[in-house]
Structures are given as structure tokens and as C-alpha cells.
Amino acid sequence: MTKTNTRHLLVVEDDKGLQSQLRWAFDGYEVAIAGDRGEAIAALRRFEPGVVLLDLGLPPDPGGVTEGLATLREILTLAPETKVIVVTGDNDRANAVKAIAGGAWDFHQKPADPELLALLVERAHHVYELERENRRLQRADENMPLRDIIAISPQMLKVCRTVEKIAPTDITTLLLGASGTGKERFARALHELSPRAGKRLVAINCAAIPENLLESELFGYEKGAFTGANQQTAGKIEYAHEGTLFLDEIGDLPLELQAKLLRFLQERVVERIGGRKEIPVDVRIVCATHQDLEQQMRDGRFREDLYYRVSEMSIQIPALKDRTGDAPVLAKAFLARFAGELGSGGLSFDATALAAIEQYSWPGNVRELESRVKRGAIMAEGSQVTAGDLELDAVASGDNMPLNLRQVREAAERDAIIRALGHAGDNVSEAANLLGITRPTLYSMLEKHGLK
């Protein structure tokens, strides 16, 4: 049986009777026993436990604490994130304080109380998991080339690299993709990575503004140009001078305005409604749409000359279902955020939720995933969010697969590794355990598939 949520506890105790007692005292943990410092360090390297229960009286100094404190120092040097609970002799508070000063998380005085120890271990492991998830999310942010974009899939990393390359230029860019794939975030990234980052990013949704108001929103108007024009007003294009103008849903731009926008793109000047003066504007243009503009051109609903002006560089943003391994990573990031906002503590997904997240087709893309995770964070009864909380059915979807057996095997192997790393929060040992292979084998496979 595959262990998907194995929690490791290392007990460092030289008393054989106490070893036997403690081995079975912790439900839900895989307990490793060590009798001295050498065994403890070997077990630490092998199991990477989140919590260590450490008796300070270890051989060759069972009556003192020198060996126990030395073991504590070595454990925290090798695994500083591990929570160490030290066990001291009765009325030995001074050494317990010394251990705490040396980095121990908590202490317990003998005689050992299994019930109290279990409570201390559970609390320590909860903190360990919270800190590990926080570090994982921080690493994810640091490793992401673009701010606010979380992705590990090759498909999205390719998009990120493209955005990085073209951001320093003024090339007019068209972002293509279904609703909810993050087009606006990529537009913001293009602006923030450009020399214009210190200026305004002005966004306008061409589908959200009535047709009779859209022209004045874009180009502005002079006082008295029409009823209600009580003062001279600059348009969005003019307002974005020296910055970036983001035209979202440009596929919904009326044909009449398409001609006027084309003239601006060619001449880089605007005329306000009711005005005669040409106003030069220096602005970078980024456009986005979920529509098929080539089909709209064939249907006569989008100008061909405008299409080639706005698509000097086109970037296709893949749907979430086509982003290998991204759904669980995004879901965990959303859950951490919502749990913090709701004050729900350390929420996590159970196995049913993770399976459902991976197998669902996500027709609403990232926006739908975010919505469902928020719902799950609110509806969760305990510390874990289930597939039921997400209102998801884990229905596997069929994929078009290549017929070449080697290609099928390599693609499946690569996807499995990415998924395992996502489940394990990039912990190589845990991912290897999920895959049923050794850590050296996984390292070789990471190198083979260019994932190292």
C-alpha cells in the first residue's frame, strides 16, 4: 500500500523497556527507534522525521547530558526545521532549559507520560507541517520567474520565459487563452518587468463598457462634445502615457472603434471626441482575448490589419487541464491563503481531494479552482479538506496518447514524477516514497527528464 501521508517520529532512547513502550504510543506515526547518537543520526538521514523525541541521558554518558546535548546539536545542524522534544530526568529543569536554549522545541520530565508525550508530539508535528508548507510556498514564489504566477508545468514555464524575454521591449503583445487562465496577471508581469514599470498600467475591459461609452473611455472628449460633457477629459490611452495600456477582451471591440484604434497604433496620436488637436502618446500596448480572432476575421467581425498590429507577438496561455502538475500546486497555495484569511489554522487536502483536483478537467480554469478551494476551506469540518468539501467528483479524463510505447512510458513517467513532487511539496525523499523508488533512483530520473 502506498503511504501518501506518512508522518515519521524518531525516538532516541537507550532504555529497552521504554523503547518498547514508546514504539506503540503514537497512533498515526511511523516510529523509528535509536539507542545512541550514531543510530539517531542514521535514522534522521533515512527517515527525515518531523519530530524527534530525545532522551538527554544517552551512552556513553547515560547518567549525564553531554551526549544528549551533542545529539541535539547535530540533529539541528543537519535538519534545523525538525522539532526536538527532549526528555530529562526528574527535577532536572536546568538541563531542560539548556536544551531549549540549544534549539529544542519543548521538554518533558520523566517518568514518561505517554498521553502527554503524544499531545506534545502532535502539536510539534502540526507546527512542523505548517512551517514546511510555508517554506514550500516561499520557494515556489522565489522559483517563479513572474510575480503572482504559480506554476511548475513545462507548458507554463515556457510562457513565463517568453514573457521575460519580451517584457523589456515595446513590442505589441496579444495574450490568448480561455477565461480564467490568468491573462491579466501576465499583462501585469509584462508591465512590471519592463522599463515602464514605474509608470501606470491602465486596464480597460472592452466587453464590460457599453459601446456608446467605449470611445470616450478610450480616447477622451472635449468640453461640450456631447450632452453631459461638462469638462475636458483625457481618455484611457492618453492617461497611460509613458506606461502600459492593457486592452482586455479586444475581440469585443466594435468595428467602428477598431478603425480608430488602428490609426492610433499606426500614428501614435489620439484625437479626443469633439477635438481637432492631435495628441502624441507614448504607450506600450498589451491586448488579450478568449475569442478566436482568426475566425472573427473570416466572419468579418475583426479587422485583419488591426489583428496584425496587435499581434506582433502572440502568447497562447494554456488551459489548466493542459498544465501538467499545476492544479495541486495552485490548490495548495490558494488553501494556505484562504486558511489564513479565515483563521482556520493549518488546513490541508486529504487524498480524495488531491485525486479529484488532479483528475477534474477544470472548465473554468484557475478562477474555478480558486473558487472551489475557497468553498472547501469554509466547508471543511476538521483540519483536512475533502473532495466532498470541494464538491468535486474524481472522474478521470481520457487523454490522447501517442502510440509509440517508449513515448507513452516516458511521458507517463515524467508526469508521475511531477505529480509526486507536487504532492510531496518538493521533498525528494517523500516523492521517492510515493513513487515506490529510492531517492538516488529519483535523482537519476529527474536528471533524465530535465527536471533536476
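Where does Trp362 lie, if we look for it among the helices and loops? It is in the loop between α14, residues 351-359, and α15, and I start there because this residue lets me introduce two things at once, its backbone and its surroundings, with Trp362 counting as buried at a relative accessible area of 3%, under the 20% that sets the limit. Its phi is near 50 degrees, which is a positive value in a residue other than glycine. Please keep in mind throughout that we are looking at a predicted model.

A second residue with that kind of backbone angle is Glu48, whose phi is also near 50 degrees and positive, although it is not a glycine. Glu48 sits in the loop between α2, which covers 37-47, and β3, and with a relative accessible area of 30% it is partly exposed.

From Glu48 we can walk on into strand β3, residues 51-55, which pairs with β4 in the parallel sense over five bridges; one of the partnerships is that of Val52 with Val84 in β4. How many of the six residues of strand β4, residues 83-88, are buried? The answer is six, so that the strand is mostly covered. In a regular strand, side chains alternate between the two faces of the sheet. In β4, Lys83, Ile85 and Val87 point one way, while Val84, Val86 and Thr88 point the other way, and all of them are buried.

Two cis peptide bonds deserve a moment here. One runs from Pro59 to Pro60, with omega near 10 degrees, and Pro60 belongs to the loop between β3 and α3, the helix of residues 66-78. Another joins Lys110 and Pro111, where omega is about 5 degrees, and Pro111 is found in the loop between β5, residues 106-109, and α5, residues 114-143.

Let me now turn to another sheet. It is open, has five strands in the order β7-β10-β13-β6-β14, and its pairing is parallel. At its edges are β7, residues 201-205, and β14, residues 313-316, each of which pairs on one side only. On average, neighbouring strands of this sheet are turned by 20 degrees against each other, if direction is ignored. Within the sheet, strand β10, residues 244-248, and strand β13, residues 284-289, run parallel and are joined by four bridges, and Thr244 has Arg284 in β13 as its bridge partner. Packed on the sheet is helix α6, residues 154-166, which touches β6, residues 173-176, as well as β13 and β14, and whose direction makes about 155 degrees with that of β14.

What does Arg196 touch, leaving aside residues up to four places away in sequence? The list is Asp170, His191, Glu242, Gly243, Thr244, Asp282, Val283 and Arg284, and we have just met Thr244 and Arg284 as bridge partners. Arg196 itself is placed in the loop between α7, residues 183-192, and β7, and because its relative accessibility is 9%, it counts as buried.

I finish at the surface, where Leu342, Ile378 and Met379 form a nonpolar patch with about 290 Å² of accessible area together. Ile378 is part of helix α15, residues 365-379, and since its relative accessibility is 51%, it counts as exposed. That brings us back to where we began, as α15 is one of the two helices that flank the loop of Trp362.

Definitions and conventions. Residues are numbered from 1 along each chain as its sequence is written. This is a predicted model: local features need pLDDT of at least 70, side-chain atom pairs count only at pLDDT 80 or more; totals for chains, interfaces and linings use all residues. Side-chain values use heavy atoms; hydrogens and water are left out. Two strands pair if DSSP finds at least two bridges between them. Axes are lines fitted to C-alpha atoms, for helices over the stretch in contact, and angles run from 0 to 180 degrees between N-to-C directions. Contact means heavy atoms within 4.5 Å. Buried means under 20% relative accessible area, exposed over 50%, partly exposed in between (1.4 Å probe, protein chains only). Patches are made of residues with over 30% relative accessible area and no salt bridge: like charges are joined within 9 Å, nonpolar side chains (Val, Leu, Ile, Met, Phe, Trp, Tyr) within 5 Å. Accessible areas come from the Shrake-Rupley method with a 1.4 Å probe; for residues, only the protein chains shown count as cover. A salt bridge is a side-chain nitrogen of Lys or Arg within 4 Å of a carboxyl oxygen of Asp or Glu.
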